Amino acid sequence: MIYVTNEDKPGFIGHFASLLGDARINIATVPSRPQQTGRRRHRTGRGRRGAVPADLLAKVQALPQVKQAKALAF
């Protein structure tokens, strides 16, 4: 799971999603409100589970709108 805080500007979601897609990582949930967190049991699509690759996290952190990006593990 990647936790990101970002500036609300056009283009961010597209750039972020492209990085994840290029890394073959599924986007299962995108919370639209702060109280929406976690993963739903009825996950759609197929993705990779496990640690976020360091190179992917670095690319996300390098996006101009990103204030912070952290890999989370539960």
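# Briefing: a β-α-α-β chain and its core

Let's start at the front end: Met1 sits in the segment that comes before strand S1 (2–6). This is a predicted model, and its chain has two helices and two strands. Going along the sequence, those elements follow the pattern β-α-α-β. The rest of this briefing goes through the core, the two helices, a few single residues and the surface.

**Overall numbers**

- The chain has 74 residues, and 19% of them count as buried.
- If you take the contacts between residues at least 6 apart in sequence, 63% of those join residues at least 24 apart.
- About 5,900 Å² of the chain is exposed, with carbon and sulfur atoms supplying 52% of that area.

**The nonpolar core**

- The largest nonpolar core is made up of 13 residues. Phe16, Leu56, Val60, Leu63 and Val66 are the ones with the most contacts inside this core.
- Three elements each put in at least two residues: helix H1 (12–22), helix H2 (54–62) and strand S2 (66–71). H1 is the top contributor here, giving four residues.
- Which residues does Phe16 touch, once you skip those up to four places away in sequence? The answer is Val4, Val60 and Leu63.

**Helix H1**

- Phe12, Phe16, Leu19 and Leu20 are the buried residues of H1. Looking down the axis, these residues fall within an arc of 95 degrees, so they line one face of the helix.
- The cover over the buried residues of H1 includes S1, H2 and S2.

**Helix H2**

- In H2 the buried residues are Leu56, Leu57 and Val60. Their arc around the axis is only 100 degrees, which puts them on the same side of H2.
- On the face turned away from that buried side you'll find the exposed residues Ala54, Asp55 and Ala62.
- The buried residues of H2 are packed against S1, H1 and S2.

**Arg24 and its phi**

- Arg24 comes after H1, in the loop between H1 and H2.
- What is notable about the phi of Arg24? The angle is near 60 degrees, a positive value in a residue that isn't glycine. For context, most residues other than glycine have a negative phi.
- Arg24 has a relative accessible area of 68%, so this residue counts as exposed.

**Gln65, a buried loop residue**

- Gln65 is in the loop between H2 and S2.
- Is Gln65 buried or exposed? Its relative accessibility is 9%, so Gln65 counts as buried, the cut-off for that being under 20%.
- Setting aside neighbours within four places in sequence, Gln65 is in contact with Thr5, Asn6, Glu7, Lys9, Pro10, Gly11 and Phe12.

**Thr5 in strand S1**

- Thr5 belongs to strand S1. Its relative accessible area is 24%, so Thr5 is partly exposed.
- With neighbours within four places in sequence left out, the contacts of Thr5 are Gln65, Val66, Lys67 and Gln68. Gln65 thus turns up here too, and the Gln65 contacts in turn include Thr5.
- Thr5 and Lys70 make a handy sequence-versus-space pair: they are 65 residues apart along the sequence, and their C-alpha atoms are 9.2 Å apart.

**The salt bridge**

- How many salt bridges does the structure hold? There is one, and the side chains that meet in a salt bridge are those of Lys9 and Glu7, at 3.1 Å from N to O.
- Lys9 has a relative accessible area of 48%, so this residue is partly exposed. Glu7 is partly exposed as well, at 30%.
- Both Lys9 and Glu7 also appear among the contacts of Gln65.

**A nonpolar patch on the surface**

- Which residues make the nonpolar surface patch of about 460 Å²? Met1, Tyr3, Leu72 and Phe74 do.
- Met1, the residue we began with, has 38% relative accessibility and so counts as partly exposed.

Terms used:
Residues numbered from 1 in each chain as written. Predicted model: local features only at pLDDT ≥ 70, side-chain atom pairs only at ≥ 80, totals over all residues. Heavy atoms only, no water. Core = buried A, V, L, I, M, F, W, Y, C linked by side-chain atoms within 4.5 Å. Buried < 20%, exposed > 50% of the residue type's maximum accessible area, 1.4 Å probe, protein only. Contact = heavy atoms within 4.5 Å. Patch = residues over 30% accessible without salt bridge, like charges linked within 9 Å, V, L, I, M, F, W, Y side chains within 5 Å. Areas by Shrake-Rupley, 256 points an atom, 1.4 Å probe, with all protein chains shown as cover. Salt bridge = Lys/Arg side-chain N within 4 Å of Asp/Glu carboxyl O. Arc of directions from axis to C-beta.
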